[in-house]
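Here is a short report on one protein model. It goes from the overall fold to single residues.

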Amino acid sequence: MRVISVGNGVAGTTAARLIAERDQGVEVVLCSDEPYLYYPRPRLIDLVGCQVSPEQMPQFPPEWYAQRGITLRLNCRVEAVYPEARRVLFQNGEEMTYDRLMLATGARAWVPPISGADLPGVYTLRTLADGLALCQAAHQAKHAVVLGGGLLGLDASSALLAHGLEITVVEVMPRLLPRQLDAEGAAVLQARLEARGLRFAIGEGCVAIEGDGRVRQIVLQSGRVLPAEMVVISAGVRANTALAQAAGLACGRGVVVDDRMQTSAPDIYAAGDVAEFRGVMWGIIPAALAQARVAAAQIVGESEVRYEEIVPSTTLKVSGIDLTSIGEVNPERPGFEEVRFSQDGVYKKAVLREGRIVGAIILGDRAEVRAINQLIAKGVDVSPYAEDLFRPGFDLMALAQGSAVLRPRV
Ligand SMILES: Cc1cc2nc3c(=O)[nH]c(=O)nc-3n(C[C@H](O)[C@H](O)[C@H](O)COP(=O)(O)OP(=O)(O)OC[C@H]3O[C@@H](n4cnc5c(N)ncnc54)[C@H](O)[C@@H]3O)c2cc1C
């Protein structure tokens, strides 16, 4: 049996590894249009922040693939898939048949239609090539503007500080990380990032990027002008669905899959940022990993393995500031209870429904993240201790593991 994985990101590489390890009789071909061995994209932040060199980016050396019998094809774009003939067409005109196909084509950075967004000096950050270009530009610039105060925009901005630039983050929403934080948490985070040297323009968008032949400044909705020799656009991603669409597979915002990661075409699976399951696309590594595991199991014939929706958990790695946001953090319907703690730049919030934690924000502290994750996963009734959850000294892990007799404060 031959399995071709289109894309060598975390989804494609994980699936290829699992298939090769479970069934050595399978020929696994892993191809990518990028010229690089698999690298975890979060490491791009370390590259931009001068923490790692380009040579340190690959997760595995070339022999790792050879040892597992995985045939790696880099710089090898798949141009077309022919489901009925079970064939793919590579960029170089070569064709190859498959028994099972794994679509792990991921996503690309989205650039909104802002005038001047095509000027030299305007960047996105998705690939290693983007990261290298950003580093080079940062050496020569004095002012940078990052459009987008989401997770990636903040991570990239903080990393760029290592180059000694003056950096302004522009966020059109009224606060940072609106999906992951509430207003109080966003204010705490912004204050901490400002203390590290970032500047913010919150609540107004960028209407134009200007320059003669190269970016020089950006114009905000209010008319305010910010100097910028480089601009980084961090406005979200779009799934790479073109290949699947042209092959006639059912697509929404992503390639539609069922709980076996099966697409609408026989023997074609999809996982990771390109896959859409029940209308949801997370765009994060835990989902890509979980989906790749299911696809790999299905491909080697473990048909009982199914995908279950994950509780989204996001961690922001701005050095010195830990932020974890899990599940429902901004409930807009009645029936929820909130428990908060805020002190010295540390902010914690748990959102409870019927006594169970269904969402949490933990900013400036990592100690309780595991316990909170377990409490959510196990659906522990915390209502007798709701007031005590974030009280210093209260043992959340004991509560999660039921390993100690805990008494609520009288
Ligand atoms: C800077 C950065 C930081 C991040 N930090 C985090 C984080 O902290 N936590 C987290 O959970 N997530 C993070 N993410 C998101 C995470 O990286 C993605 O969810 C993950 O990369 C998705 O993996 P994937 O394999 O589905 O797709 P991708 O990583 O996008 O890989 C898809 C690959 O397929 C290739 N490809 C596409 N089309 C073709 C074709 N036709 N032929 C051949 N190859 C093709 C692409 O070039 C690419 O190499 C971050 C992303 C970035 C960019």
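Helices (H or I, at least four residues) and strands (E, at least two) are DSSP runs, numbered from the N terminus. The model is predicted: local features need pLDDT of at least 70, side-chain atom pairs count only at pLDDT 80 or more, and totals for chains, interfaces and linings use all residues. Residues are numbered from 1 along each chain as its sequence is written, and side-chain values use heavy atoms, with hydrogens and water left out.

**Overall fold**

The protein has ten helices and 25 strands. Its radius of gyration is 23 Å, close to the 22 Å from the globule rule for 410 residues, so the protein is as compact as a globular protein of that length. That radius is taken over C-alpha atoms, and the rule is 2.2 Å times the number of residues to the power 0.38. The C-alpha trace spans about 70 × 65 × 40 Å along its principal axes.

Of the 410 residues, 51% count as buried. Buried means under 20% relative accessible area, exposed over 50%, and partly exposed in between (1.4 Å probe, protein chains only). The accessible surface comes to about 18500 Å², and carbon and sulfur atoms hold 48% of it. Areas come from the Shrake-Rupley method with a 1.4 Å probe; for residues, only the protein chains shown count as cover.

A contact means heavy atoms within 4.5 Å. Among contacts between residues at least 6 apart in sequence, 59% join residues at least 24 apart.

The protein carries 41 positive and 47 negative charges, and their mean positions are 2 Å apart. Lys and Arg count as positive, Asp and Glu as negative; His and the chain ends are not counted. Each charge is placed at NZ of Lys, CZ of Arg, CG of Asp or CD of Glu.

**Cysteines**

How many disulfides does a search of the whole structure find? It finds zero. Cys-31 is in none; the nearest cysteine sulfur, in Cys-76, is 5.2 Å away. A disulfide requires two cysteine sulfur atoms within 2.5 Å. Cys-31 is buried, at 0% relative accessible area.

Why does Cys-50 form no bond with Cys-135? The sulfur of Cys-135 is the closest cysteine sulfur to that of Cys-50, but at 5.7 Å it is too far. Cys-50 is partly exposed, at 48% relative accessibility.

**Loop residues**

Most residues other than glycine have a negative phi. Arg-278 has a positive phi near 50°. Asp-344 likewise has a positive phi, near 50°. Pro-384 is a further loop residue, between α9 and α10.

| Residue | Loop between | Relative accessible area |
|---|---|---|
| Arg-278 | β20 (275-277) and α8 (285-299) | 67%, exposed |
| Asp-344 | β23 (336-343) and β24 (346-353) | 73%, exposed |
| Pro-384 | α9 (369-378) and α10 (396-401) | 44%, partly exposed |

Pro-384 and Gly-205 are 179 residues apart in sequence. Their C-alpha atoms are 45 Å apart in space.

**A buried strand residue**

Is Val-88 buried or exposed? Val-88 is buried, with a relative accessible area of 0%. It lies in strand β5 (residues 87-90). Leaving aside residues up to four places away in sequence, Val-88 touches Ile-4, Val-78, Ala-80, Val-81, Glu-94, Glu-95, Met-96, Tyr-98 and Leu-101. Val-88 and Ala-66 are 22 residues apart in sequence and 23 Å apart in space, C-alpha to C-alpha.
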